[in-house]
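Work through the exercises below with the sequence and the model in view. Try each task before you read its solution.

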Amino acid sequence: MAKATLRLGCSVAFVCSVVLAGCEPSASIHDDSGVTAADPQEDTTQQDTTTQDDTSEDTTADTAEPIDWDERLAPLLEAAGAEPIERRDDLDPNKIELGRMLFFDPILSGNRDTACVTCHRLDEGTTVHRSFVVGTKAVIRDGKRMPGPDHAFLPRNPPTLFNLGEPYTTSLLWDGRVTKNSEGHFVIYDKGWEESQSNYLRLLSPVLDDLLAAQTMMPVLPRDEMRGDYGELDVNGELNELAQVPDHDLDSVWMKLTERLLAVEGYRELFEKVYPDVPLDEIEFAHATNAFSAFFVDAFTHGDSPFDGYLRGDEDALTEQQKQGAYLFFGEAGCAKCHTGPALTDEKLYNIGVRPIGSGPDEHYEIDLGAVLRSHAGEDKKFAFRTPSLRNVELSGPWMHNGAYTTLEAAVRHHLDPKSALWDYDVSQLDTEFQRYVHTREEAIRSVEATLEPMAVLELSDAEVDALVAFLESLTSPSARDLGHLEPESVPSGLAIPDP
């Protein structure tokens with residue numbers, strides 16, 4: 001493929017769509033090369049075949065007596081650690097309000113034209129229903145946000161904001177590079193800006209409340225996302241001072257953003273309410289991201305899905321088809337090997353054979369190498385991405401880290417035979433503007449195949465696939481469908497709330 005890049009530094013509108021991730025191999029070892037290989041003591045294919053023989057008749061054939069799905073599901077749900085999502089009631093209302101204002105206010109973008117809501121639309125599952133999105137300096141063509149001059153699409157699909165607070169999250173971003181280390185410090189693993197491009201560890205401010213606040217330090221840094229480029233003028237015709245900061249000087253970007261906020265009387269008042277014991281001249285950007293975290297947790301934690309109701313004891317909350325899908329999900333289909341716990345994610349890194357699209361967040365490469373590029377992962381994690389939560393997955397398409405699949409059924413079918421799906425990917429499902437970024441060269445596809453997780457081919461009937469999709473739809477909270485009430489009439493800066 002001729003080089004066509006989707007450019008950006010640190011990615012993430014925020015941590016950018018939920019997507020089905022591949023099932024973890026039953027057991028694995030590492031050979032001398034560090035590449036994950038199937039455990040020779042366990043025949044995965046035979047195990048899967050045996051399981052299918054034991055259950056396929058029950059899940060597909062007509063029987064004289066109805067199947068008691070509730071009885072069958074109970075031990076599987078317990079083994080997977082499935083629990084209902086619970087809301088928190090200990091958050092400071094003032095901190096929530098500060099975070100809400102910041103979420104909608106374009107003051108945090110260098111050119112004052114982009115806010116968090118731009119890439120996390122309230123009417124599109126807190127993401128955007130496009131494979132790739134556009135940040136600052138966008139232009140509108142045929143009703144679509146497209147990159148303006150000298151800018152590009154962001155390199156990965158924006159993930160949703162649902163249920164990101166602790167204890168549901170221990171790492172963030174598609175490559176899992178924002179986490180907490182063994183000493184309790186919030187850290188980000190990244191590429192150095194020097195020519196060696198060696199991985200390095202950056203300790204984030206001790207002021208941060210939690211991991212979600214730590215992650216929110218990042219979206220304001222990439223030039224195509226929110227910061228803007230050298231010499232650009234903001235919406236007021238003023239020089240964008242954030243864009244003048246060299247890329248390696250992250251602290252100066254955060255400092256200048258804090259100065260912007262504290263120059264606004266409304267924000268000074270909000271910070272004083274949230275941090276009455278902190279003098280304004282000691283406020284730093286981490287204080288603002290703590291407010292983001294409080295707002296995200298309060299606004300986007302939803303535990304009223306049919307599946308939550310079922311886990312709380314209402315056996316009628318799921319349909320018979322959804323129960324069959326749950327039985328496949330937590331049993332024969334093996335989805336719960338990776339999608340486990342209350343949020344249905346183990347948060348680990350896997351290469352499940354998604355066809356690469358674009359160059360990823362590092363402009364030195366033509367292809368998105370995944371976690372190996374900007375985290376502490378080893379070479380065996382090339383093309384590996386973090387398992388996302390499946391909560392509200394129905395609302396968050398297109399799916400995968402690069403929006404490769406435009407229907408939830410297609411994302412499910414990818415997992416039945418990832419290797420074949422990698423090679424046989426249907427480019428035509430993408431919008432025209434994204435098709436040219438799909439890597440089609442054999443060399444690129446083989447490089448993905450080289451570190452593909454060892455997964456057995458799974459044969460499911462169309463009815464079973466439909467049941468799986470029906471179960472995934474049961475993970476949707478009705479309260480997550482309509483979030484328009486969160487938008488304020490105005491924001492303290494006086495800027496117009498972006499129309500995403």
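## Exercises on a predicted model

Start with one ring: Phe 330 is buried, at 8% relative accessibility (buried means under 20% relative accessible area, exposed over 50%, partly exposed in between, with a 1.4 Å probe and protein chains only). This is a predicted model, in which local features need pLDDT of at least 70, side-chain atom pairs count only at pLDDT 80 or more, and totals for chains, interfaces and linings use all residues. Residues are numbered from 1 along each chain as its sequence is written, and side-chain values use heavy atoms, with hydrogens and water left out.

**Exercise 1. Classify the ring pair of Phe 329 and Phe 330.**

Solution.
- Recall the general idea: a pair of aromatic rings is described by the distance of the centres and the angle of the planes.
- Take the cut-offs: rings of Phe, Tyr and Trp (its six-membered ring) pair if their centres lie within 6.5 Å; planes under 30 degrees apart count as stacked, over 60 as edge-to-face and the rest as tilted.
- Read the values for Phe 329 and Phe 330: 4.9 Å centre to centre and 65° between the planes.
- Conclude that the pair is edge-to-face.
- Check the cover: Phe 329 is buried, with a relative accessible area of 1%.

**Exercise 2. Classify the pair of Phe 329 and Phe 471, and find where each ring sits in the chain.**

Solution.
- The ring centres of Phe 329 and Phe 471 are 5.1 Å apart, and the planes meet at 55°, so the pair is tilted.
- Phe 329 belongs to helix α11 (residues 320-330), and Phe 471 to helix α17 (residues 462-473). Helices (H or I, at least four residues) and strands (E, at least two) are DSSP runs, numbered from the N terminus.
- The two residues are 142 residues apart, so the pair links distant parts of the chain.
- Phe 471 is buried too, with a relative accessible area of 0%.

**Exercise 3. Which residues do ring pairs link into a cluster?**

Solution.
- The structure holds 19 aromatic pairs.
- Ring pairs join Phe 103, Phe 104, Phe 162, Phe 292, Phe 295, Phe 296 and Phe 300 into a cluster.

**Exercise 4. Which charged end sits over the ring of Tyr 230?**

Solution.
- Apply the test: NZ of Lys or CZ of Arg must be within 6 Å of the ring centre and within 35 degrees of the ring normal.
- The charged end of Arg 223 sits over this ring, 4.1 Å from the centre.

**Exercise 5. How many disulfides does the structure hold?**

Solution.
- In general, a disulfide is a covalent bond between the sulfur atoms of two cysteines.
- The cut-off is a pair of cysteine sulfur atoms within 2.5 Å.
- For Cys 116, the closest cysteine sulfur is in Cys 119, 8.9 Å away, which is too far for a bond.
- The structure holds zero disulfides.
- Add the burial: Cys 116 is buried at 15% relative accessible area, and Cys 338 is buried at 0%.

**Exercise 6. Place Ser 171 and list its contacts.**

Solution.
- Ser 171 lies in strand β5 (residues 171-172).
- Ser 171 is buried, at 6% relative accessibility.
- Leave out residues up to four places away in sequence; Ser 171 then touches Gly 176, Val 178, Thr 179, Leu 211, Glu 347 and Arg 386 (contact means heavy atoms within 4.5 Å).

**Exercise 7. Find the cis peptide bonds at Pro 167 and Pro 398.**

Solution.
- Glu 166 and Pro 167 are joined by a cis peptide bond, with omega about 10°. Pro 167 is in the loop between β4 (144-146) and β5.
- The bond from Gly 397 to Pro 398 is cis, with omega near 0°. Pro 398 is in the loop between β10 (385-386) and α13 (408-414).

**Exercise 8. Thr 126 and Asp 150 have positive phi. Is each one buried or exposed?**

Solution.
- Thr 126 has phi near 60° and is in the loop between α4 (116-119) and β3 (139-141). Thr 126 is buried, at 0% relative accessibility.
- Asp 150 has phi near 65° and is in the loop between β4 and β5. Asp 150 is exposed, with a relative accessible area of 62%.

**Exercise 9. Where does pLDDT stay under 50?**

Solution.
- pLDDT is the predictor's confidence in each residue, from 0 to 100.
- The chain averages 87, and 84% of the residues score at least 70.
- pLDDT stays under 50 over residues 1-57.
- Residues 192-197 are also below 50.
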